[in-house]
Amino acid sequence: MLSVSRKARSFTESVIREMTRLCRAHGAVNLAQGFPDFAAPREIKDAACRAIEADVNQYAITWGAKGFRDAIAAKAERVYGMSVDPEREVAVTCGATEAMIASILAVVDPGDEVVVFEPFYENYGPDAILAGAVPRFVPLRPPDWSFDPDELAAAFSSATRGLIFNTPNNPTGKVFDRGELETIAQLCRKWDVVCFSDEIYEHIVYDGARHVPIATLPGMADRTVTINALSKTYSVTGWRVGWTIASSGIRKVHDFLTVGAAAPLQEAGAAALALPDAYYRELADAYRGRRDLLLSGLRDVGFRCEAPRGAYYILADASELGCDDDVAFARTLVETVGVGTVPGSSFFSRPELGRTLLRFAFPKRNETLTEAVARLRRGLTH
């Protein structure tokens, strides 16, 4: 057996991916991992096939094919009015996951502090550890998952180098409003802090919520790393094509981590980013219907949950169903009820903070969600 570093010993394997393995083993409906069970848009699949047939099968430029980088910059300008230099400020990565770790490694030195809102997507903790950073957690509190400005301010100091930020948020579904963004931006400017802004769910918003990139606020363009990917918006989570927008040394870290993202899929990415605005409206409308279907079903069987305003997850409280151990409860749901979820503790720095919570993902066909609700009803309401 190889010895394991102290870094690697300090975190577990992904709980989310483990729940997917359990779903497969027990034939459970997988509402754990956030991937669609429906088809990606025909236009981008055709573009990928054309690129492969045209022998776009060798390395692209390490930091991204020019056509794809140009498309990223053009979409940022069209949708948000952002001025992005595709020759200097865009790095194409192997998904948003690599984009985040490459960005942190490029900016943060060992011993630097990084502010993280919690609950948080499970990768952010290990990312900070692998970079040798010291995380400072700031709570988001239900029902609207707001933060206390004084608590956030107290987390900043001269040791703070970065803030890891995700809006629309996984797992809470929170969409940070402009006032909250301005509070965050003011602190980043005051302490000269870099904001690592994960915006992968940018187009999946509901009920009048609007995504605002924090890089568009005054003084934030040069202190923000905007992180995104094709995965969620275009239903291609397995393609692993993401990017960063920033003026930093991310490109060279990315180069030595993974060399480059898949060349033919970058050609398809350019086609995806050129889809009309109607595509994004229809995407959000379809996800709102799925959200409402699952939300109603979860409430009917006894979960307490608020309607998320963005992303495609519901963070549900199962305490009224007798849950006081989220890991055990989630395993029971997989093994005896036939529905996979993610234990809430995996999104917190201290497991006890999520001991009654479960995260349900709804990027699924209505038939899949209906079957999951039926199984929950049979298994939990007898």
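**Lys66 and its partner**

I looked up Lys66 and found a relative accessible area of 45%, so I logged Lys66 as partly exposed. This is a predicted model, and I read every value here with that in mind. Lys66 makes a salt bridge with Glu87. The closest N and O atoms of that pair are 3.0 Å apart. Next I checked where the two sit. Lys66 is in helix α4, and Glu87 is in the loop between α4 (66-80) and β2 (90-93). They are 21 residues apart, and the pair links distant parts of the chain. Glu87 has a relative accessible area of 41%, so Glu87 is partly exposed as well.

Which residues share a network with Lys66 and Glu87? I found Arg69 and Asp70 linked with them in a network of salt bridges. For the whole structure I noted 25 salt bridges.

**Two other salt bridges**

I then went to Glu180 and Lys174. They form a salt bridge, with 2.9 Å between the closest N and O atoms. Are Glu180 and Lys174 buried or exposed? Both are buried.

Asp192 and Arg223 were my next pair. Their side chains meet in a salt bridge at 3.0 Å, N to O. Asp192 lies in the loop between α8 (178-191) and β6 (194-198), and Arg223 in the loop between β6 and β7 (224-229), so this salt bridge ties together parts 31 residues apart in sequence. I compared the burial of the two ends. Asp192, at 48% relative accessibility, is partly exposed. Arg223, at 18%, falls under the 20% cut-off and counts as buried.

**Helix α8**

Glu180 led me to α8, where it is one of the buried residues. The others I listed are Leu181, Ile184, Ala185, Leu187 and Cys188. Where on the helix do the buried residues of α8 fall? Seen down the axis of α8, they fall within an arc of 160 degrees, so they line one face. The general rule I wrote beside this: an α-helix has 3.6 residues a turn, so residues three or four places apart point the same way. I also checked the span. α8 has 14 residues and reaches 20 Å from its first C-alpha to its last, close to the 20 Å expected.

**Asp37**

I looked up Asp37 in the loop between β1 (29-30) and α3 (42-53). Its relative accessible area is 28%, so Asp37 is partly exposed. I took one distance from Asp37, to Phe68. The two are 31 residues apart in sequence and 26 Å apart in space, C-alpha to C-alpha.

**The largest pocket**

I moved on to open space. The largest pocket has a volume of about 720 Å³. Its lining has 29 residues, and Phe11, Thr12, Glu122, Pro126 and Ser346 lie nearest the centre. The elements that give two or more residues to this lining are α2 (15-26), α6 (124-130), β4 (134-139) and α12 (326-337). Which element gives the most to the lining of the largest pocket? It is α2, with six residues. I sorted the lining by class and got 14 nonpolar, eight polar and seven charged residues.

**Closed cavities**

How many cavities of 30 Å³ or more does a search of the whole structure find? I noted four. The largest cavity has a volume of about 130 Å³. Of its 14 lining residues, Ala76, Glu202, Asn228, Trp243 and Ile245 are the closest to the centre. α4, β7 and β8 (242-245) each give two or more residues to this lining. The largest share, five residues, comes from α4. By class I counted nine nonpolar, two polar and three charged.

The second largest cavity has a volume of about 50 Å³. Its lining includes Val116, Phe117, Pro119, Phe120 and Tyr124. Ile164, Phe165, Asn166, Asn169 and Phe176 also line this cavity. β3 (113-118) and β5 (160-166) are the elements that give two or more residues. β5 gives the most, with three. Here I found eight nonpolar residues, two polar and no charged.

Terms used
Residues numbered from 1 in each chain as written. Predicted model: local features only at pLDDT ≥ 70, side-chain atom pairs only at ≥ 80, totals over all residues. Heavy atoms only, no water. 1 Å grid on protein atoms, 1.4 Å probe; cavity = no way out; pocket = protein on both sides within 12 Å on 5 of 7 lines; lining within 4 Å. Points joined across faces, edges and corners; volume = space filled by probe spheres on them. Helix = DSSP H or I, 4+ residues; strand = E, 2+ residues; numbered from the N terminus. Nonpolar A, V, L, I, M, F, W, Y, C, P; charged D, E, K, R; others polar. Salt bridge = Lys/Arg side-chain N within 4 Å of Asp/Glu carboxyl O. Buried < 20%, exposed > 50% of the residue type's maximum accessible area, 1.4 Å probe, protein only. Expected span 1.5 Å × (residues − 1). Arc of directions from axis to C-beta.
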